[in-house]
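Visitor: I should like to learn how to read the features of a structural model. Could you take me through one, beginning with a strand?

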Amino acid sequence: MSNASWWERAVKVLPGGVNSPVRSFKSVPGDPLFFRSAKGSRFVDEDGRSYIDWCLSWGPLILGHADPDVHAAAAEAMAEGASFGAPSRREVLLAEAFLQRLPHFEQVRFVSSGTEAVMSAVRLARGFTGRDVIVKFTGCYHGHADHLLVDAGSGLATFGTPSSGGVPAGFTATTAVLPLDDIPALEAFFGEHGDKVAAIIVEPFPANAGLLIQRPEFLQACRELTRKHGALLIFDEVITGFRVAAGGAAEVLGITPDMGTYGKIIGGGFPVGAYAASREIMDHISPNGPVYQAGTLSGNPVAMAAGLATLEKTGRPGFYEDLERKGALLEGGLRQAAADAGVTATVVRQGSLFWTVFQDHAPRSFEAIDPQGMDTYGRLHRGLIERGVYLAPSGWEVGFLSAAHSDEDIETTVAAVAETFKSWS
Ligand SMILES: Cc1ncc(COP(=O)(O)O)c(C=O)c1O
């Protein structure tokens with residue numbers, strides 16, 4: 001059956017035809033494709049067409065699709081039992097591997113998604129400090145927990161809704177939303193409300209409204225103000241964890257948060273999230289402390305095995321250096337393609353995360369993104385689909401490079417982008 005016939009069936013039984021809104025093609029031309037198999041940097045749709053994939057399941061697949069070691073580890077675990085609902089050794093092994101990479105934390109709790117990780121971390125921050133207010137920044141997405149679903153970046157921006165329906169005002173009353181890149185606003189807020197703030201939560205390289213790389217001073221201000229006012233700093237590293245460096249954004253920036261939230265890569269393509277902090281903070285979580293959090297499938301052995309295999313491979317010498325080299329190659333190629341075709345575009349990149357925005361400078365805040373560029377992105381998306389290259393179906397989304405992308409994949413992609421740009425003139 002073709003993509004089109006699956007789509008026809010899907011819209012009848014799934015709201016909007018999808019199980020996550022970002023998969024729909026609301027802000028790019030055409031209908032979503034249906035994929036049936038994947039290997040390395042490529043996947044194949046139900047029409048039998050193969051694409052170089054730069055979305056890669058939205059980040060978990062840093063080794064590419066169907067990595068043989070990850071799949072072998074998951075299969076081995078599954079053969080021993082898919083879920084125990086009781087402690088099992090792979091939870092300990094993954095926790096040890098995780099903490100070895102992130103020595104600023106002492107304990108980690110595994111959950112089943114990034115949303116769950118953030119939701120639990122925020123609850124713990126509130127329980128630990130005895131305070132209610134959480135500070136977040138416009139354009140940062142922290143999963144779809146009610147109280148964080150305000151001014152939350154790509155998915156919502158794609159649909160032109162700044163915040164979600166179905167969230168009572170009371171639920172977000174203790175969420176303060178401030179602009180990124182604005183130290184005076186942050187200082188003024190802490191000056192007035194600092195004693196009520198439980199935590200700042202921030203994506204250290206905000207990657208949910210394009211890629212909004214911050215000035216180090218801004219993140220440093222987050223660190224200093226939280227420390228000064230007895231609040232916690234939470235780095236939401238669901239995207240950046242184990243991606244921008246072995247030790248995530250905290251390592252790249254040299255800033256140590258009090259808590260961190262993770263997902264995506266640590267599950268190697270299976271549903272896993274995690275939150276981590278010092279033992280003192282983690283002691284407040286149940287069963288040791290009064291802050292409740294639980295999960296039927298938390299620490300699932302198959303997902304733990306996939307995560308372990310992924311961490312093992314990303315831990316090999318030269319892994320992140322190679323990603324950086326490929327990232328630079330892609331960035332340079334995309335820049336050149338735009339320049340040659342006279343298209344106004346800026347390529348923003350942090351390691352293996354990249355974003356093309358159709359304006360002449362890299363924005364540092366949500367407000368600094370020109371939404372008009374999203375139509376141009378839609379045309380690029382269509383042009384690339386026709387040429388066998390798949391980007392995330394929204395200009396607000398970043399691209400993901402994996403170890404499985406070859407130099408040839410990069411060259412093919414750059415050539416397809418150049419051809420698409422040229423076809424516009
Ligand atoms: C920074 C960040 N936090 C949290 C989440 C939520 O993770 P999940 O989709 O696994 O619930 C995401 C998802 O993309 C994310 O990018």
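Guide: Let us begin with strand β8. In this predicted model, 5 of the 5 residues of β8 are buried, so the strand is largely enclosed by the rest of the structure.

Visitor: Which residues cover each of the two faces of β8?

Guide: L232, I234 and D236 lie on one side of β8, while L233 and F235 lie on the other; all of them are buried, and both faces are therefore covered, given that a residue counts as buried when 20 or more other C-beta atoms lie within 10 Å of its own.

Visitor: How should the pairing of such a strand be read, and which strand is joined to β8 by 4 bridges?

Guide: As a general idea, strands of a sheet pair through backbone hydrogen bonds, either parallel or antiparallel. Here β7 and β8 run parallel and are joined by 4 bridges. Within this pair, I200 stands opposite L233 of β8. I200 of β7 is also the bridge partner of V135. Strand β5 (residues 133-137) pairs with β7 (residues 197-202) in the parallel sense, over 3 bridges.

Visitor: What is the order of the strands in the open sheet?

Guide: The sheet has 7 strands in the order β4-β10-β9-β8-β7-β5-β6, and its pairing is mixed. At the edges are β4 (107-111) and β6 (175-178), each of which pairs on one side only. From one strand to the next, the twist averages 20°.

Visitor: Which strands of the sheet does helix α8 touch?

Guide: Helix α8 (residues 216-228) packs on the sheet and touches β7 and β8 (232-236). The direction of α8 makes about 145° with that of β8.

Visitor: How is a nonpolar core to be read, and how many residues does the largest one have?

Guide: In soluble globular proteins, nonpolar side chains tend to be buried together. The largest nonpolar core in this model has 118 residues, and those with the most contacts inside it are A125, A199, I234 and A274. Domain 1 (3-66 + 317-423) and domain 2 (68-314) both contribute residues to this core, so it lies between them. I234 also belongs to the covered strand β8. As for A274, its contacts beyond the neighbours within four places in sequence are F98, V108, R109, F110, V111, A117, Y262 and I266.

Visitor: How far apart are the C-alpha centres of the two domains, and how many residues are in contact across them?

Guide: The C-alpha centres lie 25 Å apart. Across the boundary, 31 residues of domain 1 are in contact with 36 residues of domain 2. On the side of domain 1 that touches domain 2, the elements giving two or more residues are α12 (319-341), β11 (346-350) and β12 (353-357). Among these, β12 gives the most, with 3 residues.

Visitor: Is A79 buried or exposed?

Guide: A79, in helix α2 (residues 68-79), is exposed, because 9 other C-beta atoms lie within 10 Å and the limit for an exposed residue is 12 or fewer. A79 and V302 are 223 residues apart in sequence, yet 9.2 Å apart in space, C-alpha to C-alpha.

Visitor: What does the radius of gyration say about the whole chain?

Guide: With 425 residues, a compact globule would have a radius of gyration near 22 Å; the protein chain has 21 Å, which agrees. The C-alpha trace spans about 60 × 55 × 45 Å along its principal axes. The chain has 14 helices and 14 strands, and 49% of its residues count as buried.

Note on methods. Residues are numbered from 1 along each chain as its sequence is written. This is a predicted model: local features need pLDDT of at least 70, side-chain atom pairs count only at pLDDT 80 or more; totals for chains, interfaces and linings use all residues. A nonpolar core is a set of buried Ala, Val, Leu, Ile, Met, Phe, Trp, Tyr and Cys residues joined through C-beta atoms within 7 Å. Domain bounds come from an automatic or database domain assignment. Two residues are in contact if their C-beta atoms, placed from the backbone, lie within 7 Å. The radius of gyration is taken over C-alpha atoms; the globule rule is 2.2 Å times the number of residues to the power 0.38. Two strands pair if DSSP finds at least two bridges between them. Axes are lines fitted to C-alpha atoms, for helices over the stretch in contact, and angles run from 0 to 180 degrees between N-to-C directions.
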